[in-house]
Amino acid sequence: MGLFSRKAPADQGDAAGAEPPSPGPGPAGPAPDDAGSPGALPPLAEPPRAVPPPPPEAPVAPLDPGSPFVELPTAAPRVGHVPGHVIPRLAPLATGLPSVRVDAGLLGGRWLAGASTTGLSHLKEGTTGQDVYRYAAAADGSALVLAVCDGLGSRPTTSQIGSAFLAAYACEALAAVGAGQLAAGAETALREALVAANFRALEYRSAAEPDLTDRDLACTALFCLLPLTGPDGAEDPPAHFLRVGDGNAFTLSGETYAEVFAPGDGPANIVLASLPHPAPESLIEYREVPLSGVGAVVLATDGLASDVFDSAAVRSWLAATWQMPCGPARMLDALRYRRQGSHDDRTALVAWSTRLSAAAAGTAATAAPWASGGARTVASHSRAGGDG
């Protein structure tokens with residue numbers, strides 16, 4: 001979008017920097033005390049320097065012509081037929097979540113960025129989004145814990161409570177798993193920790209919300225335990241992923257994605273597993289993923305994961321945005337793409353490799369405050385097709 005500017009009108013007075021007029025002949029006054037040679041004139045004062053006028057302010061333009069509210073412009077793509085902007089209606093519920101949340105920065109030597117936006121389906125009706133992301137450092141400093149939970153839409157007034165509490169309990173339980181336990185048997189230790197978090201959520205419901213059922217708090221859950229390396233580590237150790245439901249995680253290597261969990265062959269938007277549950281053991285999927293050559297790890301709820309799977313344009317946009325560690329404004333802008341049929345909440349939690357994180361931390365410590373990110377590249381994906 002072009003910015004309009006207008007040249008400031010020239011001053012109506014004397015031109016800047018012009019020589020002052022020479023004084024005309026007149027009667028000679030008394031010579032000053034420090035006068036030099038007889039008849040010398042007193043030195044002239046230096047003419048004032050011209051001060052350039054301030055640049056005109058750039059107009060704030062709406063994202064769409066004719067929109068009744070203004071928004072910052074974005075380069076995020078539009079894919080397919082997308083209607084004009086929906087007038088957002090915020091959820092009046094006491095249990096409503098913020099419609100936008102974003103974070104970015106260093107934690108344990110890794111750069112993390114997370115963003116969550118309420119979907120158009122909720123904004124249209126004034127109901128609440130149900131996605132939650134959370135992160136924590138392991139108690140022994142050996143790893144980071146990443147969590148993304150998505151409350152079931154069939155419980156629009158309560159499932160976001162389950163998302164928030166399960167994410168908090170799971171982060172606490174997984175953060176207590178130490179490096180020694182991982183070395184002895186990572187899958188067993190992490191499964192046991194998540195089962196314990198599940199039952200803490202059930203205990204909370206029973207004690208604090210006895211009128212609710214387990215189903216009222218149901219949410220999908222996706223977690224990653226991301227081991228940290230020392231400053232001299234040659235590469236990042238493998239990451240450990242746990243999933244219940246239909247969220248998904250990806251690794252991003254340059255321009256290429258790789259999904260951690262198979263997307264599944266069942267119908268979309270039908271969740272077959274959720275927490276809390278009275279028998280969660282059989283619902284938990286586990287994957288260990290090597291991170292050699294991986295630039296970033298991405299956790300996403302199903303609304304975002306579906307767009308990554310199905311749209312080449314969205315894949316390209318997100319891969320370009322996440323090539324380097326990004327700040328909160330850039331992270332939020334990443335989720336501002338619009339795609340036909342994409343109306344769900346969008347949540348992503350991204351952790352960059354220790355190499356890229358260290359580079360970002362070093363640059364941030366020395367760069368000028370107005371320094372910007374690097375150039376974009378175009379992403380590719382092994383999955384054929386897409387609507388982009």
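Visitor: At about what angle to β5 does helix α2 run, and which strands does α2 lie across?
Guide: In this predicted model, helix α2 comprises residues 159-175 and β5 comprises residues 143-151. The helix lies across β4, β5, β6 and β7 (239-244). Relative to β5, α2 runs at about 165°.

Visitor: In what order do the strands β4, β5, β6, β7 and β10 stand in their open sheet, and which are the edge strands?
Guide: These 5 strands form an open sheet with antiparallel pairing, in the order β4-β5-β6-β7-β10. From one strand to the next, the twist averages 15°. Pairing on one side only marks the edge strands, which are β4 (131-137) and β10 (285-289).

Visitor: How many bridges join β5 to β6, and which residue of β6 stands opposite Ala143?
Guide: Strand β6 covers residues 219-227 and runs antiparallel to β5. The two strands are joined by 9 bridges. Opposite Ala143 in β6 stands Pro227.

Visitor: Is Thr157 buried, partly exposed or exposed?
Guide: Thr157 is found in the loop between β5 and α2. Apart from neighbours within four places in sequence, Thr157 is in contact with Leu93 and Thr95. Buried requires under 20% relative accessible area and exposed requires over 50%. Because the relative accessibility of Thr157 is 42%, this residue counts as partly exposed.

Visitor: What distance separates the C-alpha atoms of Thr157 and Asp216?
Guide: Along the chain, Thr157 and Asp216 are 59 residues apart. In the model, the separation of their C-alpha atoms is 8.5 Å.

Visitor: In what order do the strands of the sheet with 6 strands stand, and which are the edge strands?
Guide: This is an open sheet with antiparallel pairing, and its order is β2-β3-β13-β11-β8-β9. Neighbouring strands of this sheet are turned by 15° against each other on average, direction ignored. The strands that pair on one side only are β2 (100-107) and β9 (256-259).

Visitor: How many bridges join β8 to β11, and what is the bridge partner of Phe250?
Guide: Strand β8 spans residues 248-253 and β11 spans residues 296-300, and the two run antiparallel. They are joined by 5 bridges. For Phe250, the bridge partner in β11 is Val298.

Visitor: Which helix lies across β8, β9, β11 and β13, and at about what angle to β8 does it run?
Guide: The helix in question consists of residues 302-310, and β13 consists of residues 346-352. This helix is α4, running relative to β8 at about 45°.

Visitor: Is Thr301 buried or exposed?
Guide: Thr301 lies in the loop between β11 and α4. Not counting residues up to four places away in sequence, Thr301 touches Asp131, Val148, Cys149, Asp150, Gly247, Asp345, Arg346 and Thr347. Since its relative accessibility is 2%, Thr301 counts as buried.

Visitor: Which residue forms a salt bridge with Asp307, and which residues make up the network around this pair?
Guide: The side chain of Asp307 meets that of Arg346 in a salt bridge, at 3.9 Å from N to O. The pair links distant parts of the chain, with Asp307 in helix α4 and Arg346 in strand β13, 39 residues apart. Both residues are buried. Salt bridges with shared partners form one network of Asp307, Arg339 and Arg346.

Visitor: Why does the salt bridge of Asp236 and Arg110 tie together separate parts of the sequence?
Guide: The closest N and O atoms of Asp236 and Arg110 are 3.3 Å apart. Asp236 and Arg110 are both buried. Asp236 lies in the loop between β6 and β7 and Arg110 in strand β3 (residues 110-117), so the parts tied together are 126 residues apart in sequence.

Visitor: Which residue forms a salt bridge with Asp214, and is that partner buried or exposed?
Guide: Asp214 counts as partly exposed because its relative accessibility is 23%. Its salt-bridge partner is Arg205, with the closest N and O atoms 2.7 Å apart. At 16% relative accessibility, Arg205 counts as buried.

Visitor: How many salt bridges does the structure hold, and what share of the residues count as buried?
Guide: The chain contains 7 helices and 13 strands. The salt bridges of the structure number 10. Of the 388 residues, the share that count as buried is 41%.

How values were computed
Residues numbered from 1 in each chain as written. Predicted model: local features only at pLDDT ≥ 70, side-chain atom pairs only at ≥ 80, totals over all residues. Heavy atoms only, no water. Pairing = 2+ DSSP bridges. Helix = DSSP H or I, 4+ residues; strand = E, 2+ residues; numbered from the N terminus. Axes fitted to C-alpha atoms, helices over the stretch in contact; angles between N-to-C directions. Contact = heavy atoms within 4.5 Å. Buried < 20%, exposed > 50% of the residue type's maximum accessible area, 1.4 Å probe, protein only. Salt bridge = Lys/Arg side-chain N within 4 Å of Asp/Glu carboxyl O.
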